[in-house]
Amino acid sequence: LPLLPFMAKKIPFSFTNELGQTISGEIDLIYRTENGDVLIDYKTFQGKVNDLTDKDNKFFSGKYGRQIEFYEQALKLNNYNVIDSLVCYLSLGVIIRFK
């Protein structure tokens, strides 16, 4: 991954984890600040905000934790300084912080 000056959208990545598995995907957005990089993942969702915070709900936002960890790992392997990780539900106007 190239080191970017300010912002990049749709960044593909691929790496091999400690178990020898290849992890690949595409990061929606990286926003570079003077203090470090902010990872932003967008989700589409037409449900209710309460669905995102209910651990028993199939739409619980916490289920994206592993995905965000993979993104963070890919960025760190490429010299990014991830200071925050956000999942944005634009249709609801909700941002979930994972960092």
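Just after helix α2, Asn79 has a positive phi of about 65°. I start there, then go back through the helix and out to the rest of the chain. Keep in mind that this is a predicted model.

The helix itself covers residues 65-77, which makes 13 residues. From first C-alpha to last, α2 reaches 18 Å, close to the 18 Å expected at 1.5 Å a residue. Which residues of α2 are buried? They are Gly65, Ile68, Phe70, Tyr71, Glu72, Ala74 and Leu75. As background, an α-helix has 3.6 residues a turn, so residues three or four places apart point the same way.

Take Ala74, which lies in α2. Its relative accessible area is 2%, and because buried means under 20%, Ala74 counts as buried. In sequence, Ala74 and Pro12 are 62 residues apart, while their C-alpha atoms are 9.8 Å apart in space.

Next, Asn78, in the loop between α2 and β4. Is Asn78 buried or partly exposed? Partly exposed, with a relative accessible area of 27%. Asn78 also has a distant partner in sequence to look at: Phe13 is 65 residues away along the chain, and the C-alpha to C-alpha distance is 9.8 Å.

Now the whole protein. The model has 2 helices and 5 strands, and from the N terminus on the order is β-β-β-α-α-β-β. Along the principal axes, the C-alpha atoms fill a box of roughly 35 × 35 × 20 Å. For 99 residues, a compact globule would have a radius of gyration near 13 Å; the protein has 14 Å, which agrees.

Of the contacts with a separation of 6 or more, 51% are between residues 24 or more positions apart. Buried residues make up 41% of the 99 residues. The accessible surface comes to about 6,300 Å², and carbon and sulfur atoms account for 51% of that surface.

On to the interior. How many residues does the largest nonpolar core have? It has 21, and the members that touch the most other members are Phe13, Ile27, Leu39, Leu75 and Tyr89. Two or more residues of this core come from each of β1 (7-16), β2, α2, β4 (82-89) and β5 (94-97). The largest share, 5 residues, is given by α2. Apart from this core lies another, of 5 residues, including Leu29, Val38, Ile40 and Cys88.

Ile27 is worth selecting in the viewer. What does Ile27 contact, leaving aside its neighbours within four places in sequence? The list is Lys9, Lys10, Ile11, Phe13, Leu39, Tyr71 and Leu75. Of these, Tyr71 and Leu75 are among the buried residues of α2, and Phe13, Leu39 and Leu75 appear with Ile27 among the core members that touch the most others.

Last, a polar residue. Arg32 is in strand β2, residues 22-32. Why does Arg32 count as buried? Because its relative accessibility is 18%, and the cut-off for buried is under 20%. The side chains of Arg32 and Asp37 are joined by a polar contact of 2.6 Å.

To recap: α2 gives the largest share of the main nonpolar core, Asn79 with its positive phi comes just after that helix, and Arg32 is a buried residue with a side-chain polar contact to Asp37.

Technical notes:
Residues are numbered from 1 along each chain as its sequence is written. This is a predicted model: local features need pLDDT of at least 70, side-chain atom pairs count only at pLDDT 80 or more; totals for chains, interfaces and linings use all residues. Side-chain values use heavy atoms; hydrogens and water are left out. Helices (H or I, at least four residues) and strands (E, at least two) are DSSP runs, numbered from the N terminus. The expected span of a helix is 1.5 Å times one less than its number of residues. Buried means under 20% relative accessible area, exposed over 50%, partly exposed in between (1.4 Å probe, protein chains only). A polar contact is a pair of N or O atoms within 3.5 Å; within protein, one must be able to donate a hydrogen and the other to accept it, and residues adjacent in sequence count only if both atoms are side-chain atoms. The radius of gyration is taken over C-alpha atoms; the globule rule is 2.2 Å times the number of residues to the power 0.38. Contact means heavy atoms within 4.5 Å. Accessible areas come from the Shrake-Rupley method with a 1.4 Å probe; for residues, only the protein chains shown count as cover. A nonpolar core is a set of buried Ala, Val, Leu, Ile, Met, Phe, Trp, Tyr and Cys residues joined through side-chain atoms within 4.5 Å.
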